[in-house]
Amino acid sequence: MAEDKKPPLLSVQNLIIEFATENGVVRATDNISFDIFANETVGIVGESGCGKTVTGLSILGLIPSPPGRIVGGSITFMGRELVGLPEEEMRKIRGCHISMIFQEPMTALNPVFSIGNQMTDVLIRHHGLTRRQARDSAIEMLAKVGIPAPAKRIDEYPHQLSGGMRQRVMIAMALSCDPKLLIADEPTTALDVTTQAQVLEQISKLQAEFHMAVVLITHDLGVVAETCRRAIVMYCGRIVENASIEHLFASPRHPYAKGLLDSIPQIRSQRLEELPIIPGRVPDLLQLPPGCRFADRCPRADGLCSEQIPKLAPSGTHADRVACHHPYPAVQAGSAS
Amino acid sequence: MEILQYSIRKLFSGIPLILGVTLISFVLMVYFGPDKTYELLGKNPTPEEIAEVRSQLGYDQPFVVRYVDYLRELATLDFGNSDSTGERVDALLARTIPVSLALTAPGFVLGNALGILLALFAAYYRSTWVDKTIMASAVIGMSISFLIVIIAFQIIFASSYGLGWFPVRGWSIGSIGDYFSYVAVPTMATVFVALGYNTRFYRSVLVEEMTRDHVRTAKAFGVPPSKLFYKNILKNSLIPIITRIVFSIPLVIISGSLLIESYFGIPGVGKITYDAIISGDQPVLKAVVGLTAILFVLAQLLTDIMYRAVDPRITLK
C-alpha cells in the first residue's frame, strides 16, 4: 500500500452527524474516521439505515438541514476543511472537484430540461466555457460513457432515455468537470443486472482514465468485490471494519462482516440446508446499547462487549482496521475468491 | 400546426360539457324557472290574455324548441333584452364585464403574485420561524369571513372613524386616480382573504418540488439557489400553478365578486347576476351561465397548451 505514505485525498475524522426526529435525536454516524487516497476505489457497505448515504452526502455538505446537522469531526479534502465551509465555497467544489451520482436515475435528472441543457450548465458554471464549447464537451463525455449517437441524444429529455442510459448521463455529467473524487451512492441498485454490470464496468474504466478516486456506497457485496480495492463496513452508524478486499473476503475479522459474507448466496462445495443469516435485528437508533452495537447479535460477544464500545484499531500488519473486542483471527491469505 | 389541430379537437370535445351545463341550467332556471306571465298582466286577466302573454314569452313552445332556442342564442351571443330593464343583454354584459374585470384583476394578480412570493419564503425557510409566521398568518386570513373583512376594511380605510383615505362606495374609471381610489379597498379585502389560500397552496407545491431527487442532484452539482429556484423548482411546479390560475380566470371575468360589488356599490357582472337571480331575469341568467361554461372550456384548452409549453413529457394528443 504505497498510497499510505502520501497524504490522503479525503480524510474523514471522528465525524458525528445527528438528525432531529420527532422521537428524539438520532446519531446517523457516530465518530467515523476513514481516509480515501487518490485513484483508489473504496466501497462503503452496510444495510439500509447504517449511515452510508449520510456519510456520502456529508462530504458534499448536502445533509438536509434541518433536521440533519454535523455535530463534530472534520472532513478534509486535499488539505482543505469542508465542515463549516461557506455555502458559496462549497458550491465551487460540488460537481467540480467532488461529484456525486445517485441511486434513482429515473428521478435524479430534472424532467423539464434536456440532458444537454443540464450537462452544459455544469460545464459553464465550473469551467467557464461558452455554450458551444460546453455542448461539444458534453457530447464528447456522452460518447465516453457509451451513449450511441450522442450528438442526437444530447437534445433529448430524461424521460426519453432508459434507466441505464440515464445513469450513464449522470456519470457523464459527474465526470464532465474532471473531478478528483466521485461519490457513487448505490449507482446500480435501480438497474437490472446486465445494465448494472455495464455501468459498473464504465465507472471502473473511467476511474482509470480520469485518475480519480471513487467512493462506492452500496449494500451489494458482489459489487464491492468486483470494483473496489478496499471496503468500509458500517453498522448502526459506526465503522466496524475497514480492510482491503482480499483480506475482507478471505478472512473477515469483524463478526458482522463475516455474517454478511456468509449470507451471500453462492455455489458452495457442500450443500447447505439453509443460507446462514445474522440472528436478531438491527437495534433502534434511538435506543442503542451502551457497548458494541452488534453485541446482541454476535456469536462472540461477552460481558465486555455490552459495556464498552470497541475502538476502530489497526488489526494487524496491514492497513486494515477493525472495531471489535474479539475479532476473528487474521488468516494470511494469498488468495481472494 | 400541432397546436391548432389539437385546439380544434379539444374545442369539439368541449361541446358535450357546454351542452351538459346549459341543459341543467336551462331545466332549473328557465323551464322550471320563474314565470313572468302574471307580472306582465293586469288584474283579473282573461284566459285569452294569459295565452297571448305566454306565447309572447315563448312559454307555449315545447321543451326541445325552447332549449334549442337557448343554444342558438348562445351561439350567436344574442340573448335579447333584459326582462327587468329592457336593455339588450349583450350591451349589458359589454358594459358590466369590463367593470368587474377592472375591479377583480388587481386583487387576482396581487393575490397570486404575493401568494407565490410568500410561499417561496415559507418553503425556502421551511420549519423555521419565517415559515411558521407566514403559515399562521395564512390561517388567520383564511379563517376570517370575507364579509367581516370587507366591513372592517371599509371602516378602517374608508370611513371617518378610521383613516378615511378612500371612498366607501361607488365606482369611476374616469382617471387613474379615481380608479385607484375606488379599487383600493376592494383589492385589499380580496387579497387579504385570497392570500391565505394561495400561500398555503403554493407552499405545498413548492415544498413538494424542493424535496425531489433532481433538486438534490442539482445541489450536488453546485447549482446556486437562484438558479435552483428557477430551473428546478419553479419550472417543475408550473403545472399546478397554471391550473390554479387559469381556471380562476372564468370566475374573475364572468362572476366578478357578488359580495364586493354589492358592498361597494359597483355596477359589475356580479351585481347584475345577483339582480337577475332575484328578479328572475332569464335572458341575463342564460347569458351568464352559458358564457361561464364556454369560458371554462377555453380555460381547459389554454391550460393544456400551456402544459405542453412547460413540460416536455406532455404531448398534445
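This section describes the contact between chains A and B, a sheet of chain A and a helix of chain A in a predicted model.

The contact between the two chains draws on 24 residues from chain A and 20 residues from chain B. On the side of chain B that touches chain A, the elements giving two or more residues are α9 (213-220) and α10 (225-255) of chain B. Of these, α9(B) supplies the largest share, seven residues. In character, the residues on this side of chain B comprise eight charged, six polar and six nonpolar.

Within chain A, eight strands form an open sheet with mixed pairing, arranged in the order β6-β7-β8-β3-β9-β10-β12-β11. The edges are occupied by β6 (98-101) and β11 (313-314) of chain A; each has a single partner strand, so one side of each remains without a neighbour in the sheet. At the β6(A) edge, the pairing is with β7 (residues 181-185) of chain A, to which β6(A) runs parallel and is joined by four bridges. Across this pair of strands, Ile183(A) in β7(A) lies opposite Met100(A).

Helix α1 of chain A, which spans residues 52-59, is mostly covered, with seven of its eight residues buried. The buried positions are Lys52(A), Val54(A), Thr55(A), Gly56(A), Leu57(A), Ser58(A) and Ile59(A). Each of these residues has 20 or more other C-beta atoms within 10 Å of its own. Just after α1(A), the backbone at Gly61(A) adopts a positive phi of about 65°.

Notes:
Residues numbered from 1 in each chain as written. Chains lettered and ligands numbered in written order. Predicted model: local features only at pLDDT ≥ 70, side-chain atom pairs only at ≥ 80, totals over all residues. Contact = placed C-beta atoms within 7 Å. Nonpolar A, V, L, I, M, F, W, Y, C, P; charged D, E, K, R; others polar. Pairing = 2+ DSSP bridges. Buried ≥ 20, exposed ≤ 12 C-beta atoms within 10 Å, placed from the backbone.
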